[in-house]
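Reader: Please take one part of this chain and look at it closely, then work outward to whatever is connected to it. I would like the local backbone first and the packing and side-chain contacts after that.

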Amino acid sequence: MVDLQTQYLRIKPEIDEAIQHVLNTTAFIQGKDVSVFADALSTFLGGTPVVPCANGTDALQIALMALNAKPGDEVILPVHTYVATAEVLALLGLKPVFVEVDDNTFNVDVKALEAKVTAKTFAIVPVHLYGQCADMEPILALAAKHKLHVIEDAAQALGAVYTFADGTKRKAGTMGTIGTTSFFPTKNLGCFGDGGAIFTNDKALAEKIKMIASHGQKVKYHHEIVGVNSRLDTLQAAILNVKLKYLPEYEASRKDVAKYYDEHLAGISQLKLPARTQNSTHVFHQYTVQVVKGDRDHFKHYLEEKGIPTMIYYPVPLHLQNAYRQPGIGEGAFPITERLSRTVISLPIHTELPTEQLAYITSTIKAYFAA
Ligand SMILES: *Cc1c(COP(=O)(O)O)cnc(C)c1O
């Protein structure tokens, strides 16, 4: 699914030097690389301030804490997504309100959103799934109308660009009240362990986020508000400083892989290839197809036997996860998401896939469906 080894070897001298520099200075916590990285990422995002933290899940939790979410507040999130959002809501005593997704884009179904808004709704968390932005313009309009916060989960879409009706272009994570991301090793910008970041254009809010990530303090041992301990290690920041320079190149490699799949898997009637939306670029964190005719798990097993790894994101929808079941919301509540959990399969996509491997993958898939 990924080849982090080859990716590392291509930039080894730079990475090794960056790591060695941190070792030499022993500034393991809040060393200079952390603020250098925050500034560089902010520039990449078009100027939105960045607060680094320990991982993408913490980023979501800190975002909600910074906005003063109170127990009982409702937060609307797509039901077809990674567990992190539902998890932090539960930890903070907030109520997850699931909403259906669109089976073309895999992102939140904007038409289904408004019906979920109640007097208790606090925020909407659109997730830019698989690398493509959710339809932010109507989401932001709905949020403005009902005075809701928008927290964009950009863990899978760092670098994706959304275009508004007036032509304005914004990067994923910089459009809502707050944006969050993750530097988990397999993400489009991955470090060598855990890492995350929080973005906001509101400078005062950015200061508060910084405080929360650091035990609620601005001045050491003076705790103004309740916080958490969530820091990006200097070592990880040093690695990210090197890798951020390569992010546009990595994005281009992923797009090339997607293009190859598009061209070589077109015309297989049993497969639905990933659709592109009009208003967002796709940075292809995943290349996710749907097995619309046939047995997805049988197909997955076949590929595995041929040495081709695949992944299912996600095999169990959030509303059917034991930890997040809600009374009255069972099997059948979200038919599209439930169907996707049985039909989606993500093919290998990363920055180090040579054409020979792609040719092997696509010819193996074609042979399977032709049989
Ligand atoms: C990876 C991911 C996260 C969480 O990131 P961690 O750094 O692993 O905590 C959150 N949301 C989405 C959509 C993700 O893909």
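Author: Thr26 is partly exposed, because its relative accessibility is 49%, which falls between the 20% limit for buried and the 50% limit for exposed. The model is predicted, and what follows is computed from it. Thr26 sits in the loop that runs from helix H2 (12-25) to H3. Its phi is positive, at about 55°, although the residue is not a glycine. Most residues other than glycine have a negative phi, and most peptide bonds are trans.

Two further places in the chain belong under that heading. Tyr221 also has a positive phi, about 70°, and is not a glycine. It is found in the loop between strand E10 (217-219) and strand E11 (222-223). With a relative accessibility of 65%, Tyr221 counts as exposed. The other place concerns the peptide bond: Tyr313 and Tyr314 are joined by a cis peptide bond, with omega about 5°. Tyr314 belongs to the loop between H10 and helix H11 (335-343).

Back to the loop that holds Thr26: it leads into H3, and helix H3 (residues 32-44) packs against H9. The two axes are 8 Å apart and make an angle of about 30°. H3 and H9 are therefore roughly parallel to each other, since angles under 35 degrees count as such. The crossing of H3 past H9 is left-handed. From H3, the residues that take part in the contact are Asp33, Val34, Val36, Phe37, Ala40, Leu41 and Phe44. On the H9 side they meet Thr234, Ala237, Ala238, Leu240, Asn241, Leu244 and Leu247.

H9 also carries a residue of a salt bridge. The side chains of Asp262 and Arg276 meet in this way, at 2.2 Å from N to O. Asp262 lies in helix H9 (residues 234-265), whereas Arg276 is in the loop between strand E12 (271-272) and strand E13 (287-291), so the pair ties together parts that are 14 residues apart in sequence. Both partners are partly exposed: Asp262 has a relative accessible area of 24%, and Arg276 is at 36% relative accessibility.

The strands on either side of Arg276 lead to a sheet. Its 3 strands follow the order E12-E13-E14, the sheet is open and the pairing is antiparallel. E12 and strand E14 (344-347) are the edge strands, each of them pairing on one side only. E12 is joined to E13 by 2 bridges, and these strands run antiparallel. One residue pair can be named here: Lys272 has Gln290 in E13 as its bridge partner. Helix H10 (residues 296-305) packs on this sheet and touches E12, E13 and E14, and its direction makes about 20° with that of E14.

Elsewhere, a parallel pairing is found: E4 and E5 are joined in that sense over 2 bridges. In this pairing Ile124 has Val150 in E5 as its bridge partner. Strand E5 (residues 149-153) has 4 of its 5 residues buried, so it is largely enclosed by the rest of the structure.

The loop before E4 takes part in another salt bridge. Glu114 and Lys145 meet through their side chains at 2.7 Å, N to O. This pair links distant parts of the chain, 31 residues apart, with Glu114 in the loop between helix H6 (110-113) and strand E4 (121-124) and Lys145 in helix H7 (residues 136-146). Glu114 is partly exposed, at a relative accessible area of 35%, while Lys145 is exposed, at 57%.

The salt bridge between Lys111 and Asp109 has its closest N and O atoms 3.3 Å apart. Its partners stand at opposite ends of the accessibility classes: Lys111 counts as exposed because its relative accessibility is 72%, whereas Asp109 counts as buried because its value is 14%.

The structure holds 12 salt bridges. Some residues share such links: Arg10, Glu249 and Glu352 are connected in a network of salt bridges.

Notes: Residues are numbered from 1 along each chain as its sequence is written. This is a predicted model: local features need pLDDT of at least 70, side-chain atom pairs count only at pLDDT 80 or more; totals for chains, interfaces and linings use all residues. Side-chain values use heavy atoms; hydrogens and water are left out. A salt bridge is a side-chain nitrogen of Lys or Arg within 4 Å of a carboxyl oxygen of Asp or Glu. Buried means under 20% relative accessible area, exposed over 50%, partly exposed in between (1.4 Å probe, protein chains only). Two strands pair if DSSP finds at least two bridges between them. Contact means heavy atoms within 4.5 Å. Axes are lines fitted to C-alpha atoms, for helices over the stretch in contact, and angles run from 0 to 180 degrees between N-to-C directions. Angles under 35 degrees count as roughly parallel, over 145 as roughly antiparallel, 65 to 115 as roughly perpendicular and the rest as oblique. A crossing is left-handed if the near helix is turned anticlockwise from the far one by less than a right angle, and right-handed if clockwise.
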